[in-house]
Amino acid sequence: MIKDLIDLATVMFSMRRWNNRPTFESISEASNSGFILHVAHLMSMIEISNGKKVDMSKVITRIILKDMPKCIISDISLSTKRMIQTLSPSAWNRMYKSSIDEVLKNVPDEFKAQFEDAMINSRDESIEGKIVNAADLYAAFKEAETNVRFFPEYFKEPFESIKKAMQQIDLKSFHKILEDEKLKNYLTQIAALMYAVRWNQHPRTVPTTVAGHTFFVTFTSYLIALEMQKIDMVNVLERSIFHDVPEALTGDIISPTKRRVEGFETVVEEVESKMVNEILLPLLPTEIARYYSPLMLKPFDGGMEGKIARASDLMGSLVECKMEIVNGMQIDFFRRSYESIKQQIKSMNLEVVNQMIV
């Protein structure tokens, strides 16, 4: 079952946003979700700092699961969806419910209710639902804002529609990230993860970005933590979300390069720490920066939670190699990497993870 869920989630890597329109930037659903995780987490932290009670686990879970039905029914554009809902709301509801049921076939019985709630109620009127909706709109706004400059005839209507929807958001945290120059700059830096291509020195059949990888690692961490239980779920998910943030500044430096000569990996870590501390963290409120720092710079420390995040990181790389192999990429690099990463995962002695190897 879990293997099938992992396979299904990989569809997010190949699904392109705004697929029925010309775009200046091509963003995958996985990359979009990876960025939304960061926007929603920052909003949640701001709300918490203002005394609001936010269930962080619920926010993150809703984001990583909300688009799973798309993997079944494909990405139906917003305008088409609205027209279907107008002409026959019952037909849309039946179709969408059938896609949820298809996803749930791959979910163990004890977790079905959690998955179903996250997919159906992701944008409800709870504070968690409002944060997810606002973060989703913010990401869509940034995409449309760029594309409307180049293709106004295609993007003027959705761009105006998104702006109108944003005006209805009643969260202080949302308006703070729209108005605070430092926070806007921080999210602009994080958005670079949507353009940082992984395995960039090799041709790919399905190119993936660091943001897309972030989504998949967080999704995998969630599955592992559910199975293992007695795990700090929020801590595992946060480590997964932030583990590659330094790459927004440094780019994706692959492990073989880091380890090519003795001592180079240590230098890279020092550079990452310096750049994060000097460029990213000063853009955040002090308490949030203090909270984010170890998640960004030491994501795999911290006992079992760090170990799960690392295993999920490796699973993300394993799946990317497997996609290239299955798609017929005739480069030994991906086969060698697949076997090497698989051995690294097995050496971690996490039975739940070993059962997920694809």
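Biologist: What makes the meeting of the His243 and His213 side chains a polar contact?

Modeller: This is a predicted model, and in it the distance between the two side chains is 3.4 Å. The cut-off for a pair of N or O atoms is within 3.5 Å, with one atom able to donate a hydrogen and the other to accept it. The His243–His213 pair comes in at 3.4 Å, so it counts as a polar contact.

Biologist: Where is His243, and is it buried or exposed?

Modeller: Look in the loop between H14 and helix H15 (247–250). The relative accessible area of His243 is 6%, and buried means under 20%, so His243 is called buried.

Biologist: Which residues does His243 touch, once those up to four places away in sequence are not counted?

Modeller: His213, Val217, Leu295, Met296, Pro299, Phe300 and Asp313. Take Met296: 53 residues separate it from His243 in sequence, yet the C-alpha atoms are 5.4 Å apart in space.

Biologist: On to Glu143. How do you know whether it is buried or exposed?

Modeller: Glu143 sits in helix H9 (residues 127–150). Its relative accessibility is 4%, and the line for buried is drawn at under 20%, so this charged residue counts as buried.

Biologist: What does the Glu143 side chain make a polar contact with?

Modeller: With the side chain of Asn32, at 3.1 Å. That is within the 3.5 Å limit, so the label holds. Leaving aside neighbours within four places in sequence, Glu143 is in contact with Asn32 and also with Arg17, Trp18 and Ile27.

Biologist: Why is Thr218 called buried?

Modeller: Its relative accessible area is 0%, and anything under 20% is buried, so the call on Thr218 follows directly. Thr218 belongs to helix H13 (residues 210–228). Apart from neighbours within four places in sequence, its contacts are Leu37, Ile60, Ile64, Leu237, Ser240 and Ile241.

Biologist: And Val103: buried or exposed?

Modeller: Val103, in helix H7 (residues 89–104), has a relative accessibility of 0%. Set that against the under 20% cut-off, and Val103 counts as buried. Not counting residues up to four places away, it touches Leu5, Leu8, Met68, Pro69, Ile72 and Met119. Phe115 lies twelve residues from Val103 along the chain, and their C-alpha atoms are separated by 8.9 Å.

Biologist: What makes the phi of Trp199 worth pointing out?

Modeller: It is near 55°, a positive value in a residue other than glycine. Lys230 also has a positive phi, near 45°.

Biologist: Where are these residues, and is each one buried or exposed?

Modeller: Trp199 is in the loop between helix H12 (181–191) and H13, and Lys230 is in the loop between H13 and helix H14 (233–242). Trp199 has 9% relative accessibility and counts as buried. Lys230 has 88%, and exposed means over 50%, so Lys230 is exposed. Trp199 also has Phe334 at 9.7 Å, C-alpha to C-alpha, though the two are 135 residues apart in sequence.

Biologist: How do helix H3 (residues 29–49) and helix H11 (residues 172–179) pack?

Modeller: Their angle is about 115°, and the axes are 8 Å apart. H3 passes H11 in a right-handed crossing. The contact involves Val39, Leu42, Met43, Ile46 and Glu47 from H3, and Lys172, Ser173, Phe174, Lys176 and Ile177 from H11. By class, that is six nonpolar, one polar and three charged residues.

Biologist: Why is the whole protein called as compact as a globular protein of its length?

Modeller: The protein has 21 helices and zero strands. Its radius of gyration is 20 Å, and the globule rule gives 21 Å for 358 residues; the two are close, so the description applies. The C-alpha trace spans about 60 × 45 × 45 Å along its principal axes.

Biologist: How much of the protein is buried?

Modeller: Buried residues make up 53% of the 358. As for contacts between residues at least 6 apart in sequence, 73% join residues at least 24 apart.

How values were computed:
Residues numbered from 1 in each chain as written. Predicted model: local features only at pLDDT ≥ 70, side-chain atom pairs only at ≥ 80, totals over all residues. Heavy atoms only, no water. Axes fitted to C-alpha atoms, helices over the stretch in contact; angles between N-to-C directions. Helix = DSSP H or I, 4+ residues; strand = E, 2+ residues; numbered from the N terminus. Left-handed = near helix turned anticlockwise from the far one by under 90°. Contact = heavy atoms within 4.5 Å. Buried < 20%, exposed > 50% of the residue type's maximum accessible area, 1.4 Å probe, protein only. Rg over C-alpha atoms; globule rule 2.2 N^0.38 Å.
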